[in-house]
Amino acid sequence: KDDTMIKIYNTFTRRKEEFKPIVENNLGIYVCGPTVYGMPHLGHAKSYINFDTIIRFFRFSGYKVKYVQNITDVGHLVGDSDDGEDKIARQAKIEKLDAYEIAYKYENEYFKAMDKLNVQRPSISCRATGFVYDMIETVKDILNKGYAYVTPQGNVYFDVRKYPKYGQLSNRKLENNMSGERIEIADDKHNPEDFALWKSVGKDALMQWPSPWGNGCPGWHIECTTLGRKFLGEKFDIHGGGIDNIFPHHECECAQADVVNGHLPMNYFMHNGLVTVNGTKMGKSLGNSVTLTELFKKYGAMPIRYFVEQFQYRSAVDISDEGLTLACKQFNKLKENVNLVRNITTEQKEITDPELKSIYQAFVDAMSEDFNTPLAMVELNKINKIIPQSLNDHEKLMEINKFITDLAESVLGLDFGEVTKVEPKEEISAEVKELASKRWEAKLNKNWAEADKLRDQLKTMGYVINDRKDGYDIEKI
């Protein structure tokens, strides 16, 4: 852990910038959590593995991290709109459960899946429903400052025309921000692009709270502004989420938060790329999401993490059976080699071997350059190739074990499981080796009868000869 400069791609500025924390050696990060209305899928795995690896690298680099993640269990309407049905309420009707049961059920499934992927729990995980009264205070504040209005139906909307900086994150011009691009426009808005801070709901809605504007529930965007401020203060280091959140979710968040705090609260905005299935964005609402339960059954959890980390967090990942099958083979080979090392030693020592030192540094440099996991994986694969050649060098194995512990496990979050005993290969006797050598000689001299006779003799002794172009292997039957 050294004074490596970490560079981050900041969505605000569209360029990589040196990370400078507000408080030295401390990191406050808020990442948008899941909307809990269905089984977790590969999209969730990619997003939260990405941010988990980023946070792990900050911790490895000596930072104390406070990681806040919300659980959206109310207010996220179908189609990310301000009109229509809440995603959780809709699922509740389908499953004939109430909305709270749905939210708790899928929140549990989400954390179970994340645990299998070795994604560390956030420092604070907060359900939106636990902080509705804080959100009401935020809405009151925006109204008092003149940036919102209440409609006769009891809805409260943010007045985008009064906030000239709207579009600063997504680089959209106001005339391109028409809500109608995405959804039917609620008929009580002053302007089509205005967005909901508070929504009035029907008498029979289970999720509703009293407010100065009548019973209702918070809009989708207000929760992150409120929770970020509550747990990280008016100014924090990083806000993260998926690239699909840039508009409308994070754009609306920026507008609200700027009004409430008098400035934008986050210094850096980070967005991870999406998962596509055959080139199409994946999502439950699109009907093409692959659940993690299915993937775990087919490939196991760690190969999925290994697969995701072969791509830089900002790039899209196209899911294919070939890609996951290959990742499975690669991870299992790495796991096998790590097991070989730990059969010989579980100790670690500081790395002094020049080759290992250079690979270690290259890994850290790759991660420091906007968390470039594909390049870091290249360095890990070099170690994977070195292991079989180093099994007789105890000192080197202790250094390799340090690399595995520090970087493959602590930073990339790969879990190689318990050490399993490798049975030593039985030593082949001098007699068998001599017979095999004579057979090879006979074969080279095209003395086929002699070669066959020796092969049969070896077979009766319990050995089979596998010929290669440049020689042969002796294998115990």
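**Figure 1. How do helix α4 and helix α5 cross, and within what distance do their axes come?** In this predicted model, the axes of helix α4 (residues 132-144) and helix α5 (residues 222-232) come within 9 Å and cross at roughly 105°. Angles from 65 to 115 degrees count as roughly perpendicular, so α4 is roughly perpendicular to α5. On the α4 side, look for Asp134, Met135, Thr138, Val139, Asp141 and Ile142. They meet Ile222, Glu223, Thr225, Thr226, Arg229 and Lys230 of α5. Sorted by character, the residues of this contact are four nonpolar, three polar and five charged.

**Figure 2. A buried salt bridge joins helix α9 to helix α12.** Here the side chains of Arg342 and Glu409 meet in a salt bridge, with 2.8 Å from N to O. Follow the chain to see where the partners come from: Arg342 belongs to helix α9 (residues 321-344) and Glu409 to helix α12 (residues 394-411). The two are 67 residues apart, and the pair links distant parts of the chain. Both Arg342 and Glu409 are buried. This is one pair from a structure that holds 33 salt bridges.

**Figure 3. Helix α12 also takes part in salt bridges through Glu395 and Lys396.** The side chain of Glu395 meets that of Lys349 at 3.4 Å, N to O. Glu395 lies in α12 while Lys349 sits in the loop between α9 and α10 (354-368), so this pair ties together parts that are 46 residues apart in sequence. Glu395 counts as partly exposed because its relative accessibility is 44%, and Lys349 is also partly exposed, at 25%. Now turn to Lys396, which forms a salt bridge with Glu355, the closest N and O atoms being 3.9 Å apart. Glu355 is in helix α10 and Lys396 in helix α12, 41 residues apart. Buried or exposed: how does Lys396 count? Lys396 is buried, with a relative accessible area of 16%, whereas Glu355 is partly exposed, with 43%.

**Figure 4. Four charged residues form a network of salt bridges.** The members to find are Asp52, Arg56, Arg305 and Glu309, which are linked in this network.

**Figure 5. Helix α6 is mostly covered and contains a proline that follows a cis peptide bond.** Of the 16 residues in helix α6 (residues 246-261), 16 are buried. Pro248 lies in this helix, and the peptide bond leading to Pro248 from Phe247 is cis, with omega near 5°. Just after α6 comes Gly262, which takes a positive phi of about 85°.

**Figure 6. Arg14 and Asn171 have a positive phi without being glycines.** Arg14 has a phi of about 60° and lies in the loop between β1 (7-10) and β2 (15-18). Arg14 counts as partly exposed because its relative accessibility is 33%. Asn171 also has a phi of about 60°, and its place is the loop between β7 (156-158) and β8 (195-200). With a relative accessible area of 52%, Asn171 is exposed.

**Figure 7. Where does pLDDT stay under 50?** The stretch to look at is residues 178-184, for which the model has 18 contacts beyond four places in sequence. For the protein chain, pLDDT averages 92, and 94% of the residues score at least 70.

Notes:
Residues are numbered from 1 along each chain as its sequence is written. This is a predicted model: local features need pLDDT of at least 70, side-chain atom pairs count only at pLDDT 80 or more; totals for chains, interfaces and linings use all residues. Side-chain values use heavy atoms; hydrogens and water are left out. pLDDT is the predictor's confidence in each residue, from 0 to 100. Contact means heavy atoms within 4.5 Å. Axes are lines fitted to C-alpha atoms, for helices over the stretch in contact, and angles run from 0 to 180 degrees between N-to-C directions. Helices (H or I, at least four residues) and strands (E, at least two) are DSSP runs, numbered from the N terminus. Angles under 35 degrees count as roughly parallel, over 145 as roughly antiparallel, 65 to 115 as roughly perpendicular and the rest as oblique. Buried means under 20% relative accessible area, exposed over 50%, partly exposed in between (1.4 Å probe, protein chains only).
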